[in-house]
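Reader: I'm new to this and keep tripping over the vocabulary. Could you take me through one structure and tell me how each word is earned?

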Amino acid sequence: MASSGHPLADTSEGRASFLSRLRRAVDEERFFGTLLITPMQLLLWFLLIIPTIIVIYLSLVAWEPRMGVDWWQAPFAFLRNYAQIFQDGRFWAAIGRSLGVVVAAGGLEFAVGLGLALLFMRDFPGKRIVTSVILYPMMLPWVVVGLAFYLLFLDRGPVNFVLTQWFGSGATVEWFKNPLLAMGTIVLADIWQWTPFLFLILYSGLGALPKDPVEAAMNLGANRWQIFRHVTLPMLKPVILIALVIRALEAFKIFDLVFVMTGGGPGTSTETISLYIYRVGFVFGQLSYAAAMAVLILVMITLVTRFAIQPIEEG
Amino acid sequence: MNEAVVRTGDYDVFLTFCNWIGDMAESGLIVDQTAWWEKYDPEVDHGPNRYVAPLDRFTTLYKGRRYALGADDDAFSLFYRKDIMDNPDEAKAFEDRYGRPLELPKTWKEFDEWIAFFDRPDEGIRGAHMYAERYFAYTAWAARFISKGGAYFDDNMDPLIVSDEGVTALEEQIRLTQDHMWPDAVTGDWSVAYSRFPEGSVFFAWAWASLGKWAQDPETSKIAGKVGYMDAPGTMHDGELVKAVPHVVGWSFSISRYGKAPEAAYCFIQWFTGPAVGLDAIARVGTLDAFREPWFDDAKMKEAYGEEFLPVLHSLTQNAFPDISLRGAAEYLDNLNLNLQQAFAGQKGAERALKDAADSWQQITDRIGRLGQIEAWRAERQNYPQPIQDLWAKLGRFPS
Amino acid sequence: MESRRLREFTDAVLRWLAGIIVCAIFLLPLIWVLSISFKPPEEWIAYPPRLIPEKITTSNYVVLFQPGNPVGGVGAMVSAAEPVTRAFINSIIVVPIATAASLVIGFLAAYATTRFQAGGKSLPLFVLTTRMFPPVAFAVPLLVYFRALGLIDTQLALILMYTGFTIAFSLWMTRGFIEGVPKSIEEAAILDGASRWRVLFTITLPLVKGGLAATGLFVFILNWTEFLLAQIFTSRQAITIPVQVSHYVGAVGRFYGPMAALGVVASIPVVVAGYIIQRHLVTGFTFGLVRE
């Protein structure tokens, strides 16, 4: 026993030494805490702050590699790049599509994930294997998932083949021709790949819930729906919120699936914002303009997420 | 593109699409080879080993200077099902229907009828596969458009695509696409052609020369031995048939300014594309295609391509016109394509699509700098095949 | 009583049936990938499509390791792609290191932010912003910046980016578990004279092991399947498996067979790892937001 007696031992000497020890402890805590976050801080500076400064700078100059000068030699454009964004219908349409993916994919993934999680709350034979199967899609490279769905929904692919077998030869659907259907097919692939993630979060959340309130409600004669609606769901709320926020953030960035499945086509009907920035920056070589779009998106997302996360922080 | 940003100097030689030369030259990424050409003579535009014209020009030149050595021939080649075409019953039925004998089509009008005739959806075989998808939709439209006497730009870089030639060409191609092709010509990716034609589900296909070799390989194709080759259809102008064959991408070698030994690198690519080595590489490997005149008479090449294909490819190449090769080429083509794909998918009318493409082209031109683009375009249009330039002159397309 | 047992029985059967249906839906695309990986080129997108290949072939798998091996006539075309070995080695070096680094740094930071509010209350939120931005938005500045540091096409560049861009998950997921460890246990140990490091590693760490395993697997999956950054930042030396997948494109189109085969092969290590730590996986995703 290194420390002797109660910390608040009622002697003046004890009090003084306690206070100094407390101060030391606080200093030590602060020092220790700072030490522990330093690696992360350094990494963030390296990967986030410095690139952010560069991207802001790039967005304010007029630079394209084909100009033949280095980026720091490029002439200033000030806000011209930003002005151009506001006239760029393709940009806003792409933002809209990405948001559409967030809403559609996020919502459906949540619904399916929650359903599965509730289903899996009780044991049934083969549950371990089924769980493994459900988690598998997450583990495939996205490019392969995109290819799988592209091939499945090809005009003369398996899905249309099955449709013709069931409903006759006229029953093919041109999945990638109609903008809405093409977007839907991409969302479907996303749902297939990311429902497991929401399932995992909700399932572990449900598993960690205390059992007493449910039992109490049952004893009071509540039915399953009432228990779910008024007991389980409120307790699960923080988990649901973070799951949705994380999924929404990831879905907004959707790139690989679109790139592989439609390339954004027909025309720009399925072009998402990541794909558009990629095109502008890395295919067209308008790096300054791409940088301006990046900065604008950073600002918009930061604002939106502030509001979305506040309840989590408070809750 | 990344290398233009970072300039690592890791590369001595670039093998890129030949229509990127403009961007690469303007960014200072690649070296002007003109002096070396004079010193070492790569035998491109003269002598018995010369390139098939006009490949000697548009795979090498930018604003009149030599920036690259062409290493490929990507003139789009036309393939059809010889076995079906040669069937006497078909010949009779065709004559009954159109009142003329069944022959390979010479004009676009004949071509459209020919495709329509052989379109048999009930038998699982459609008339054609021509690109209408996200990346190469412009090919078939441009072939019609240029052969009608159209040009992408006038001498002030104002787009000429929203014209009679442009709109008619697009309307014809939309009709063909929607009526006589599988829908995945529009929605599939570019490799769909390489499945549909060899599996025997289309009568006609227009793609790179590699499709011919692929379709004749009994290991990968159900129609090996049944492939016919033909020259491109054209448009009659005062009794003269003008053909225009898109040369789509096509590889060429250029030299990095940041490499360690640019001149040695140049010597290497000259050796690699040279009359003997290049021949060997192309005949054996199969990813690049023949581009030097004598190779079209070579025994090894004949074996690689087949006796019948090689002369057809030669003839197609002579009428090949380049992709847009100005600075911002990728952007011009992307904006054209996405509008054409929408038109093929039925989301936009022909005129609307071309108008939208033209508007975006104007913006690109203004952004990049109109004066420089004008200079580049005036040089570029002289890389087109001579018959097309003659036609433009006849139509007074450009002031002389 | 009898009726209750019956109800439980039907309940179990229904769950079981639902499990099978869910399984089938989730398996369909996988089976299609698997089927293509055993098909010769002419069957990849042939019509009518067949689930069981007409001619079963393993050459799509062989071609991954010996690109010269002819897949029908494709052989010559695929020779442009390198053997998959380099991509595998890169992935096997880059992803575990990045995952471990992300986990360690994230765990330490999580401990500091939950226990001492180090870095201020909004630091975790700030870290989450790294996850918000489309990576392509960062690719432009990172490209010019990594160039200055000579990091283009190196494993180190990928390790740094993969660590940095997954740290938000490492931080947020482990935070919850650390909060779940009662502070009193740690304080007792400190009163016993243990150093803070000792407390961290001998008391807290073992208690959150399961959570770390789940976090680790998730971060591993994200890094293992990442495509865009690897595509932009590597060209020859440091390519990873997802980039290699995109290299199976030749003069005659995309080689779906080798692509599918590589997808199957690439997923095996993750699946095995996932199965082993499944128990932790299903408890590891609460973000500590629900506590008993």
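Author: Let's go through helices, a sheet, domains and chain contacts. This is a predicted model, where local features need pLDDT of at least 70, side-chain atom pairs count only at pLDDT 80 or more, and totals for chains, interfaces and linings use all residues. Residues are numbered from 1 along each chain as its sequence is written, while chains are lettered from A and ligands numbered from 1 in the order in which they are written.

Reader: Why are α5(A) and α7(A) called oblique to each other?

Author: Helices here are DSSP runs of H or I with at least four residues, strands are runs of E with at least two, and both are numbered from the N terminus. α5 (residues 142–152) and α7 (residues 179–208) of chain A cross at roughly 130 degrees, and their axes come within 10 Å. An axis is a line fitted to C-alpha atoms, for helices over the stretch in contact, and angles run from 0 to 180 degrees between N-to-C directions. Under 35 degrees counts as roughly parallel, over 145 as roughly antiparallel, 65 to 115 as roughly perpendicular, and the rest as oblique. The angle of roughly 130 degrees falls in the rest, so α5(A) and α7(A) are oblique.

Reader: Which residues of α5(A) and α7(A) meet, and how do you know that they do?

Author: Two residues are in contact if their C-beta atoms, placed from the backbone, lie within 7 Å. By that rule A:Val145, A:Gly146 and A:Phe149 of α5(A) meet A:Thr185, A:Leu188, A:Ala189 and A:Gln193 of α7(A).

Reader: What makes a residue there nonpolar, polar or charged?

Author: Ala, Val, Leu, Ile, Met, Phe, Trp, Tyr, Cys and Pro count as nonpolar, Asp, Glu, Lys and Arg as charged, and the others, Gly among them, as polar. For α5(A) with α7(A) that gives 4 nonpolar, 3 polar and no charged residues.

Reader: And in chain C, why are α5(C) and α7(C) called oblique?

Author: α5 (residues 123–132) and α7 (residues 155–180) of chain C pack at about 135 degrees, with axes 7 Å apart. That angle also belongs to the rest, so α5(C) and α7(C) are oblique to each other.

Reader: Is the crossing of α5(C) and α7(C) left-handed or right-handed?

Author: It's left-handed for α5(C) and α7(C), while the crossing of α5(A) and α7(A) is right-handed. Left-handed is when the near helix is turned anticlockwise from the far one by less than a right angle, and right-handed is when clockwise. The α5(C) with α7(C) contact divides into 8 nonpolar, 2 polar and 2 charged residues.

Reader: On to the sheet in chain B. How do you know that β1(B) and β12(B) pair?

Author: Strands pair if DSSP finds at least two bridges between them. β1(B) and β12 (residues 251–255) of chain B have 5 bridges, in the antiparallel sense, so the cut-off is met. One bridge joins B:Phe14 to B:Ser254 in β12(B). The open sheet has 3 strands, in the order β1-β12-β4.

Reader: What makes β1 and β4 of chain B edge strands?

Author: β1 (13–17) and β4 (69–70) of chain B each pair on one side only. Helix α13 (residues 262–272) of chain B lies across β1, β4 and β12, at about 155 degrees to β12(B).

Reader: Where do the domains of chain C begin and end?

Author: Bounds come from an automatic or database domain assignment, which gives chain C domain 1 (2–77) and domain 2 (85–281). Their centres, taken over C-alpha atoms, are 29 Å apart. In the contact, 16 residues of domain 1 of chain C touch 14 of domain 2. On the domain 1 side, α2(C) gives the most, with 5 residues.

Reader: What is the assignment for chains A and B?

Author: Chain A has domain 1 (12–48) and domain 2 (95–284), with centres separated by 43 Å. Chain B has domain 1 (2–74 + 247–321) and domain 2 (76–246 + 328–400), and 25 Å separate their centres.

Reader: How many residues do the chains put into their contacts with chain A?

Author: Chain C puts in 85 residues against 90 from chain A, and α1(C) supplies the largest share of the chain C side, 14 residues. Chain B puts in 27 residues against 22 from chain A, and α17(B) gives the most on the chain B side, with 7 residues.
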